[in-house]
Amino acid sequence: MKEFLPVLRNCALFHQIADADLPAMMACLGARTLSFRKKETIFEEGEPARYVGIVLAGKVQILQVDYFGNRSIMTTAGPSELFGESFACAGVEALPVTAMAAEDSRVLLVDCLRIMHSCGNACGFHQQMIYNLMRVVAMKNLQFHQKMEITGKRTTREKLLAYLMAQAKTAGSSRFRIPFDRQELADYLQVDRSGLSAEISRLRKEGVLKSERSTFELLQQ
């Protein structure tokens with residue numbers, strides 16, 4: 001666990017919790033680390049929502065798959081970021097999504113009930129962790145509403161530009177890198193990949209943007 005200490009320091013769940021408390025915390029929470037290969041499932045749709053996941057290395061995607069097998073990427077999580085926390089906190093009986101390793105990954109799993117309910121040892125960090133967890137859930141709700149605003153646009157062009165402008169604003173720069181390849185971006189925007197690629201080509205020809213793989217630059221409003 002020591003090798004992942006820098007990652008845990010940056011994790012919102014452990015905000016304002018001293019490094020010296022982390023070993024006792026991990027024991028108290030029954031935390032365990034697991035490795036997953038690329039495309040391997042971490043949480044399966046239909047399973048009980050029990051665990052909060054923390055990415056130690058790699059990348060995790062939260063997916064929704066419809067009856068016909070069409071995939072939509074709800075969100076992604078990189079090192080130090082949480083996943084599955086909203087469903088675990090809500091205590092839903094069956095997960096409506098699947099968590100999958102987008103690349104070879106290492107994750108920390110924590111039983112949500114052990115976070116929400118103080119143990120018999122009266123550990124001082126529990127109240128801080130509960131506050132931190134609620135704050136993460138609130139921030140994720142804001143991100144979900146942003147995604148709904150983007151995917152609610154009528155055309156592929158409008159969805160793409162809304163997403164890219166949001167990413168540029170987050171990065172504080174007209175040049176930025178997104179966490180998706182082309183197929184993943186299409187799945188996130190809920191559009192056809194060929195139509196998305198065609199729209200990117202048109203926008204490049206019109207001088208609206210430059211792009212190379214996952215790096216984009218907005219050239220005009």
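Helices, in the sense used here, are DSSP runs of H or I that are at least four residues long, and they are numbered from the N terminus. With that in mind, the reader can find helix 6 at residues 156–171, with Leu 160 inside it. The model shown above is a predicted one, and the paragraphs below go from the whole chain to some of its residues.

The protein chain contains eight helices and eleven strands. Its C-alpha atoms fill a box of roughly 65 × 40 × 30 Å when the box is taken along the principal axes. The radius of gyration of the protein chain is 19 Å, which agrees with the value near 17 Å that a compact globule of 221 residues would have. Of these 221 residues, 43% count as buried. The accessible surface of the protein chain comes to about 12,300 Å², and 50% of that surface belongs to carbon and sulfur atoms. As for the charges, the protein chain has 28 positive and 24 negative ones, and the mean positions of the two groups are 5 Å apart.

It also helps to ask how the chain meets itself. If one takes the contacts in the protein chain with a separation of 6 or more, then 71% of them are accounted for by residues 24 or more positions apart.

The aromatic residues offer examples to look at, and the structure holds five aromatic pairs. In general, a pair of aromatic rings is described by the distance of the centres and the angle of the planes. For Phe 43 and Phe 83 the ring centres are 5.5 Å apart and the planes stand at 45°, so the pair is tilted; the reasoning rests on the rule that planes under 30 degrees apart count as stacked and those over 60 as edge-to-face, with the rest called tilted. Because Phe 43 lies in strand 2 (residues 41–43) while Phe 83 lies in strand 6 (residues 82–83), the pair ties together parts that are 40 residues apart in sequence. Both Phe 43 and Phe 83 are buried.

Another group of rings is the aromatic cluster formed by Tyr 163, Phe 180 and Tyr 188. Tyr 188 is found in helix 7, which covers residues 182–189, and with a relative accessible area of 9% this tyrosine is buried, since buried means under 20% relative accessible area. Leaving aside residues up to four places away in sequence, Tyr 188 touches Ile 73, Met 74, Lys 147, Thr 151, Tyr 163 and Phe 180. Val 110, by contrast, lies 78 residues from Tyr 188 in sequence and 27 Å from it in space, C-alpha to C-alpha.

We can now return to helix 6 and to Leu 160, which at 0% relative accessibility counts as buried. Not counting residues up to four places away in sequence, Leu 160 touches Leu 185, Leu 189, Leu 196, Glu 199, Ile 200 and Leu 203. His 145 is 15 residues away from Leu 160 in sequence, and the distance between the two in space is 16 Å, C-alpha to C-alpha. Leu 161 is also found in helix 6, and beyond residues up to four places away in sequence, Leu 161 touches Leu 203 and Val 208. Leu 161 and Ile 200 are 39 residues apart in sequence and 9.6 Å apart in space, C-alpha to C-alpha.

Glu 199, one of the residues touched by Leu 160, lies in helix 8, which covers residues 193–205. Glu 199 is buried, with a relative accessible area of 8%, and, with residues up to four places away in sequence set aside, Glu 199 touches Thr 156, Arg 157 and Leu 160.

Two residues in loops complete the tour. Gln 16 is found in the loop between helix 1 (5–9) and helix 2 (22–29), and this residue has a positive phi of about 65° although it is not a glycine. At 63% relative accessibility, Gln 16 counts as exposed. Lys 39 lies in the loop between strand 1 (32–36) and strand 2, and its phi is near 75°, again a positive value in a residue other than glycine. With 47% relative accessibility, Lys 39 counts as partly exposed.

Note on methods
Residues numbered from 1 in each chain as written. Predicted model: local features only at pLDDT ≥ 70, side-chain atom pairs only at ≥ 80, totals over all residues. Heavy atoms only, no water. Rg over C-alpha atoms; globule rule 2.2 N^0.38 Å. Buried < 20%, exposed > 50% of the residue type's maximum accessible area, 1.4 Å probe, protein only. Contact = heavy atoms within 4.5 Å. Areas by Shrake-Rupley, 256 points an atom, 1.4 Å probe, with all protein chains shown as cover. Lys, Arg positive; Asp, Glu negative; His and termini not counted. Charge placed at Lys NZ, Arg CZ, Asp CG, Glu CD. Phe/Tyr/Trp six-rings, centres within 6.5 Å; stacked < 30°, edge-to-face > 60°.
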